[in-house]
Amino acid sequence: LVAEVARLVRMTITHDPASGDSDGEVLSDADLATLALPAQHYQRNSLAIRAEYAHVPEDTFRAARARMIEALLAEPQLFRTPEARQSWEAAARANLRAELVTLTDD
């Protein structure tokens, strides 16, 4: 049980569970669910993330966060389960695109 929990936690680094890994797929989707929050809540969450990384210079943070968002948006799907894709994919992508604009806006 401990090994399985450790494996699942490590999987959240990449959010790329193996095909057929239903536990990994569900956990990945749950971990990424905050991407689909209503826009105002997503923005508050993004501000909290920035505060968590207050020690990182603004330019460095913005560039790294933009790269992470671009990588997510480049994926054919953010969520692994059909239910999560149907419920959250569109909202998550809209939030990510909106944040990317704020990060790359001069």
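1. Helices in this note are DSSP runs of at least four residues, numbered from the N terminus. The model is predicted. On that basis, T12 falls in the loop that joins α1 (2-11) to α2 (22-32). Its relative accessibility is 21%, so T12 counts as partly exposed; the cut-off for buried is under 20%. Beyond its neighbours within four places in sequence, T12 makes contact with L27 and D31. The C-alpha atoms of T12 and E25 lie 9.9 Å apart in space, with a separation of 13 residues in sequence.

2. A second residue of the loop between α1 and α2 is H15. Its phi is near 55°, a positive value in a residue other than glycine. Most residues other than glycine have a negative phi. H15 has a relative accessible area of 15% and is therefore buried. A reader inspecting the backbone of this loop may wish to begin with H15, given its positive phi.

3. S28 belongs to helix α2. With a relative accessible area of 0%, S28 is buried. When residues up to four places away in sequence are not counted, S28 touches M11, H15, P17 and R80. H15, the loop residue with the positive phi, is thus among the residues that S28 touches.

4. The largest pocket holds about 370 Å³ of space. Its lining has 19 residues, of which H15, L32, L35, M68 and L72 are the closest to the centre. The elements that contribute two or more residues to this lining are α2, α3 (39-52) and α4 (58-74). Helix α4 gives the largest share, four residues. By class, the lining of the largest pocket comprises nine nonpolar, six polar and four charged residues.

5. The volume of the second largest pocket is about 240 Å³. Which residues line the second largest pocket? They are Y42, Q43, S46, L47, R50, E58, F61, R62, A98, E99, T102 and L103. Helices α3, α4 and α5 (82-104) each provide at least two residues of this lining, and the largest share, five residues, comes from α3. Five residues of the lining are nonpolar, three are polar and four are charged.

6. Side chains of opposite charge can pair when their charged atoms come close. The count for this model is seven salt bridges. One of them joins the side chains of D21 and R7, at 2.7 Å from N to O. This pair links distant parts of the chain, 14 residues apart: D21 is in the loop between α1 and α2, and R7 is in helix α1. D21 is buried because its relative accessible area is 14%, whereas R7, at 30%, is partly exposed. The two residues also belong to a network of salt bridges that links E4, R7 and D21.

7. The side chains of R50 and E58 form another salt bridge, with an N to O distance of 3.0 Å. Both residues appear in the lining of the second largest pocket. Is each partner buried or partly exposed? R50 has a relative accessible area of 17% and so is buried, while E58 has a relative accessibility of 39% and so counts as partly exposed.

8. In helix α5, R93 and E89 lie four residues apart, about one turn of the helix. Their side chains meet in a salt bridge of 2.8 Å, N to O. R93 counts as buried because its relative accessibility is 14%. E89 likewise counts as buried, at 11% relative accessibility.

9. Two points may be kept together when the model is examined. H15 is buried, and H15 is also one of the residues closest to the centre of the largest pocket. R50 and E58 meet in a salt bridge, and both are listed in the lining of the second largest pocket.

Terms used: Residues numbered from 1 in each chain as written. Predicted model: local features only at pLDDT ≥ 70, side-chain atom pairs only at ≥ 80, totals over all residues. Heavy atoms only, no water. Buried < 20%, exposed > 50% of the residue type's maximum accessible area, 1.4 Å probe, protein only. Contact = heavy atoms within 4.5 Å. 1 Å grid on protein atoms, 1.4 Å probe; cavity = no way out; pocket = protein on both sides within 12 Å on 5 of 7 lines; lining within 4 Å. Points joined across faces, edges and corners; volume = space filled by probe spheres on them. Nonpolar A, V, L, I, M, F, W, Y, C, P; charged D, E, K, R; others polar. Salt bridge = Lys/Arg side-chain N within 4 Å of Asp/Glu carboxyl O.
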